[in-house]
Amino acid sequence: ARHGPIMPNAPDSAQPFMTLALTRWQAAETAENPMRVEGEIDLQFLNLEQWDTTIVNRRGPDRPCLTIDQIGEPYRQIVGQFRRAHPGIQGSPVDNGADQETADRYQGAIRHIEATGGAKAARGEAFKGCVGPGWGYYRLYTEFEYGQDVPIDPAAIMDQCIKYQAIENPFTVFRDPSTPLHEPWKCRWLFQ
């Protein structure tokens, strides 16, 4: 296996793509760096790493550094309230051509996707990130659906199901910095 930078050895056809990807990642990293530094401090504080290392070293090994967990219980309460709330997507008829019966059918399909796709766990993990470092993510993807007792049928290969995937480390996601926070659907690109 070869190790080292990817860009200099990339084929000529991949060079523009790699340059664009690197430029976008640098823009996201520059824009999010202050938030990530503060998020790391918040996460350390939540994990009871509340003393600055220079202070601990100055005190020496014979002087204790008392740490009192004053944020752990409120953190657990907020996460518990979220879990009890059972958040989910709500389908409602909105325009002139919409009717309640169609909205109810869509709502049933959405509930099935959320129940079988792992929505509860993915949303819970994203919310823990929001309460801890300050932001959290989960992703949606599709996977081919094969039954255990059904032989693989070529026609069944097209059957796909929607799944939710928790992103346990929100620090691994870099998003388009020009995207407004209240309009995430306008995001043009994202690294994960």
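1. The chain exposes about 14300 Å². Carbon and sulfur atoms supply 57% of that area. Keep in mind that this is a predicted model.

2. Burial comes next. The chain has 192 residues, and 20% of them count as buried.

3. Now the secondary structure. The chain holds five helices and four strands. Read from the N terminus, the order is α-α-α-α-α-β-β-β-β. The helices thus come ahead of the strands in that order.

4. How far apart in sequence are the residues that touch? Take the contacts between residues at least 6 apart in sequence: 53% of these join residues at least 24 apart.

5. One residue deserves a closer look: Asp-176. Its place is the loop between β3 and β4. Strand β3 covers 174–175, and β4 covers 190–191.

6. Is Asp-176 buried or exposed? Its relative accessible area is 2%. Buried means under 20%, so Asp-176 counts as buried.

7. Which side chains make polar contacts with the side chain of Asp-176? One is that of Ser-178, at 2.8 Å. Another is that of Arg-188, at 3.0 Å. Both pairs are side chain to side chain.

8. Set aside the neighbours of Asp-176 within four places in sequence. Asp-176 is then in contact with Cys-187, Arg-188 and Trp-189. Arg-188 therefore appears twice for this buried residue: in the contact list and as a polar partner of the Asp-176 side chain.

Note on methods: Residues numbered from 1 in each chain as written. Predicted model: local features only at pLDDT ≥ 70, side-chain atom pairs only at ≥ 80, totals over all residues. Heavy atoms only, no water. Helix = DSSP H or I, 4+ residues; strand = E, 2+ residues; numbered from the N terminus. Buried < 20%, exposed > 50% of the residue type's maximum accessible area, 1.4 Å probe, protein only. Contact = heavy atoms within 4.5 Å. Areas by Shrake-Rupley, 256 points an atom, 1.4 Å probe, with all protein chains shown as cover. Polar contact = N/O pair within 3.5 Å; in protein donor to acceptor, adjacent residues only side chain to side chain.
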